[in-house]
Amino acid sequence: MEEIDQEKLPRHIAIIMDGNGRWAKKKKLNRIRGHIKGVDAVREVVTACRELGIKVLTLYAFSIENWQRPQEEVSALMGLLKEYLVKEGEEMVKNNIRLSAIGRLEDLPQDVLTTLRETMEKTENCDGMILNLALSYGGRSEILHAVRGIISDLKEGKLREEEIDLSSFQKYLWTGNLPDPDLLIRTSGESRISNFLLYQIAYTELYLTQTLWPDFNRKELLKAIADYQLRERRFGRTSEQINGIGT
Ligand code: IPE
Ligand code: IPE
Ligand code: MG
């Protein structure tokens, strides 16, 4: 097993769960079977993160652009989401996991939105880990939403122009008070961001793996964290400064 340093755990892990379709295709199955298998991977990774003591886990489950997929696939994904929320609600409470969500949630079908809200309410007092689902999410839309929020608060006198700085701006994003991700994982071999957390990942460590999402598991997660722990996060400084050597 990978050696994990408990002192250097990423506080916030974000994952672009990609490759369900290709997983299914390889097995000559319908794409939807890939999504079904993908939900099992979600369960395993959520449990593993909770056990490890990760504080925030953000999962990119559905992008704004994903609405353009065939109607049948979109419906299947919405159905799987609802089923997941219904089935896992109790488990989240039991494991002290608080559910949250970011994205244009108002785009979700009414029944899915209702179930999402119910599960968020059910888990609102849990404080072991935040499971944050990105649903109908797009980073550009999030930034636009923040700008609109700022303009509206300026007009209403809730915010003064001179108060707009990086820390107040951040509060207008859907991620609000969440810390920026320390580690971003993307599965399936793609090397792109696909409109995920554009603002928040300025200094996030990236981990790209060929593994398709349905095959991603606890072991793969530990591998990603172990790799992350080897990185030197310099935030623009020099290595010497980070290690307290010299001046
Ligand atoms: C990720 O798998 C799941 C979603 C985007 C909802 P894909 O469905 O994108 O799988 P590939 O990329 O086609 O293999
Ligand atoms: C990103 O995957 C979105 C999610 C994982 C939900 P996509 O499969 O939609 O990304 P592209 O289209 O390959 O960039
Ligand atoms: Mg994909």
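Guide: A polar contact is a pair of N or O atoms within 3.5 Å. Keep that cut-off in mind as we look around this predicted model.

Visitor: What makes Ser 194 a polar contact of ligand 2?

Guide: An N or O atom in the side chain of Ser 194 lies 2.6 Å from an oxygen atom of ligand 2. The cut-off is 3.5 Å, so this pair counts as a polar contact. The side chain of Arg 192 also brings an N or O atom to 2.7 Å from a ligand 2 oxygen, and for the side chain of Arg 69 the distance is 3.2 Å. Both values are within 3.5 Å, so these pairs count too.

Visitor: How much of ligand 2 does the protein bury?

Guide: On its own, ligand 2 exposes 390 Å², and the protein buries 78% of that.

Visitor: Why are Tyr 60 and Phe 62 said to be near ligand 2?

Guide: A residue is near a molecule if one of its heavy atoms lies within 4 Å of it. Tyr 60 and Phe 62 are among the residues that surround ligand 2, as are Ile 16, Met 17 and Asn 66. Strand β2, residues 56-63, provides the largest share of this shell, with three residues.

Visitor: What classes of residue make up the shell around ligand 2?

Guide: Five are nonpolar, two are polar and four are charged.

Visitor: Let's turn to ligand 1. How do you know that Gly 21 makes a polar contact with it?

Guide: A backbone N or O atom of Gly 21 is 2.9 Å from an oxygen atom of ligand 1. That is within 3.5 Å, so the pair qualifies. For a backbone N or O atom of Asn 20 the distance to a ligand 1 oxygen is 3.1 Å, and for a polar backbone atom of Gly 19 it is 3.3 Å. These two pairs pass by the 3.5 Å cut-off as well. The protein covers 87% of the 380 Å² of accessible area that ligand 1 has when taken alone.

Visitor: Why is ligand 1 said to sit in a pocket?

Guide: A molecule sits in a pocket if more than half of its atoms lie within 2 Å of the pocket's grid points. Ligand 1 sits in the largest pocket, so it meets that condition. The largest pocket is also the space taken by ligand 2.

Visitor: Which helix gives the most to the shell around ligand 1?

Guide: That is α1, with three residues. The elements giving two or more residues are α1 (20-26), α2 (31-52) and α3 (71-94). By class, the shell has three nonpolar, five polar and five charged residues.

Conventions: Residues numbered from 1 in each chain as written. Chains lettered and ligands numbered in written order. Predicted model: local features only at pLDDT ≥ 70, side-chain atom pairs only at ≥ 80, totals over all residues. Heavy atoms only, no water. Polar contact = N/O pair within 3.5 Å; in protein donor to acceptor, adjacent residues only side chain to side chain. Areas by Shrake-Rupley, 256 points an atom, 1.4 Å probe, with all protein chains shown as cover. 1 Å grid on protein atoms, 1.4 Å probe; cavity = no way out; pocket = protein on both sides within 12 Å on 5 of 7 lines; lining within 4 Å. Helix = DSSP H or I, 4+ residues; strand = E, 2+ residues; numbered from the N terminus. Nonpolar A, V, L, I, M, F, W, Y, C, P; charged D, E, K, R; others polar.
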